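Morning, everyone. I'd like to walk you through one structure today, starting with the empty spaces inside it and then moving on to a few single residues.

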Amino acid sequence: MTDSTATTTDLDDKLEAHRVELTGYCYRMLGSSFEAEDAVQDTLVRAWRSYEKFEGRSSLRSWLYRIATNVCLDMLTAGNKRARPMDLTDSTPLAQAALSPRPDNTWLEPMPDARVLPTTADPAEAAVAKESVRLAFMAALQQLPPKQRAVLILREVLAWKASETAELLGTTVASVNSALQRARATLAEQDHSKATEAVVSDPLDEEQQKLLERYVAAFEGYDMTALTALLHEDAIMTMPPFDLWLTGHEDITGFMTTLGAPCAGSHLVPVQVNGLPGFAQYKPDPEAGGFTPWAVQVLEISDGRITGFHCFLDTERWFPLFGLPLHLEAETDQVEEGV
């Protein structure tokens, strides 16, 4: 191996070591799994090409975050704010339920934990990281102007100092502090009546684990009585790319036995998604046999009940992202958990 090859390999390794945390940062900024990965790839390519100009006046990590921030701000100039269905419309009674899709770029997208949460030995740091990618917090971030969003993430999620954040953004400490104050005020003023507060331990405590086991049994058995007992009376169900969302266990189970009836007999595979428990749902495939992908489910839990039941239906995009197969044989009882 030549010296230049060794140097190139060493640089590749140094840059690659930051991929997961940069993906987490870009995901919080953009609200899109795929745009975040594109932004990180662009960041690493720019860094590789301009590395000779990097004079080491800051750490490699700070320099990469500066590049990533500029990439994200450029991508956000179109002004699109990704959202959840309850951020866009009112809840629909089951009797008026209609499945109306909206374009992909409308929606806040799910993300596998492993792609955005770096390994850490500090439980408190790990808890903050998980909370900061949960759907409710991600949706709140999307309401902030891009630069305020960057300041809030850098200061409150990544625990950067005001001076470090100011240097990264090319501004003053006073400006950073002002932006942070405005961002906090905006989040505090938001209507939380449609929000579901997820209270999930890490790792799951015994009660939460048993709740999930009961959920799997109820869903796979399509037992609506058992499922009703697990859902909070004000539980919310969403199904992007459709803008429909339902409130309350009666409408949720009513939907599942009418428009959602083909999901009877489904098989669930556990996944770790957005800092929350989730499942890849495979429903029976009457044509090919076995099971075909139907949804990535993200569950929000609080006080021993399921408060949020979010189903992302674009499985041709989501299942490969989670490292999941696009077909299960009928005799399959279990597949390895996705990434």
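So, the holes. A search of the whole structure turns up two cavities of 30 Å³ or more. Before I go on, please keep in mind that this is a predicted model. As for how you look for such holes, rolling a probe the size of a water molecule over the atoms shows where empty space is left.

Let's take the largest cavity. It holds about 80 Å³ of space. Which residues line the largest cavity? On the list are D104, W107, L108 and E109, then P240 and P241, and then F312, L313, D314, R317 and W318. Sorted by class, the lining of the largest cavity has seven nonpolar residues, four charged ones and no polar ones.

Now the second largest cavity, with a volume of about 50 Å³. Around it you'll find R84, P85, M86, L108, L135, T238, P240, H310 and F312. If you compare the two lists, L108, P240 and F312 turn up in both linings. Two elements, α5 (85-88) and β6 (305-312), each give at least two residues to the lining of the second largest cavity. By class, that lining has six nonpolar, two polar and one charged residues.

While we're at P240, have a look at the bond that follows. A cis peptide bond joins P240 and P241, with omega at about 20°. For background, most peptide bonds are trans. P241 sits in the loop between β1 (231-239) and β2 (242-247), and P240 and P241 are both in the lining of the largest cavity.

Next, an open space: the second largest pocket. How much volume does the second largest pocket have? About 410 Å³. Its lining is made of 17 residues, and L117, P118, T120, E125 and A129 are the ones nearest its centre. The elements that give two or more residues to that lining are α2 (19-30), α4 (60-75) and α7 (123-131). The largest share, six residues, comes from α7. The lining of the second largest pocket splits into ten nonpolar, five charged and two polar residues.

Let me step back to the whole chain. The protein chain has 15 helices and six strands. Its C-alpha trace spans about 65 × 55 × 40 Å along the principal axes. With 339 residues, you'd expect a radius of gyration near 20 Å for a compact globule, and the chain has 21 Å, so the two agree. Buried residues make up 49% of the 339. Among contacts with a separation of 6 or more, 66% are between residues 24 or more positions apart. On the outside, the chain exposes about 16,100 Å², and carbon and sulfur atoms supply 50% of that.

Now for two residues with contrasting surroundings. V176 is in helix α11 (residues 173-189). Buried or exposed, where does V176 fall? V176 is buried, because its relative accessible area is 1%, and the cut-off for buried is under 20%. Leaving aside neighbours within four places in sequence, V176 contacts V151, R155, A162, T165, A166 and T171. And if you want a distance, the C-alpha atoms of V176 and A188, twelve residues apart along the chain, are 18 Å apart.

A330 is in the segment after α15 (315-321). With a relative accessible area of 54%, A330 counts as exposed, since exposed means over 50%. Apart from neighbours within four places in sequence, A330 is in contact with G290 and F291. A330 and F291 are 39 residues apart along the chain, yet their C-alpha atoms are separated by 6.5 Å.

Last stop, backbone angles. Most residues other than glycine have a negative phi. Y222 has a phi near 50°, a positive value in a residue that isn't glycine. Y222 is in the loop between α12 (206-220) and α13 (224-230), and it is buried, with a relative accessible area of 16%. D303 also has a positive phi, near 50°, and D303 isn't a glycine either. D303 lies in the loop between β5 (291-302) and β6. Here the surroundings are another matter: D303 is exposed, with a relative accessible area of 75%.

That's my tour. Questions are welcome.

How values were computed: Residues are numbered from 1 along each chain as its sequence is written. This is a predicted model: local features need pLDDT of at least 70, side-chain atom pairs count only at pLDDT 80 or more; totals for chains, interfaces and linings use all residues. Side-chain values use heavy atoms; hydrogens and water are left out. On a 1 Å grid over the protein atoms alone, a cavity is a set of points where a 1.4 Å probe fits but cannot get out, and a pocket is an open set with protein on both sides within 12 Å along at least five of seven lines; lining residues have an atom within 4 Å of a point. Grid points are joined across faces, edges and corners, and a volume is the space filled by probe spheres set on the points. Helices (H or I, at least four residues) and strands (E, at least two) are DSSP runs, numbered from the N terminus. Ala, Val, Leu, Ile, Met, Phe, Trp, Tyr, Cys and Pro count as nonpolar, Asp, Glu, Lys and Arg as charged, and the others, Gly among them, as polar. The radius of gyration is taken over C-alpha atoms; the globule rule is 2.2 Å times the number of residues to the power 0.38. Buried means under 20% relative accessible area, exposed over 50%, partly exposed in between (1.4 Å probe, protein chains only). Contact means heavy atoms within 4.5 Å. Accessible areas come from the Shrake-Rupley method with a 1.4 Å probe; for residues, only the protein chains shown count as cover.
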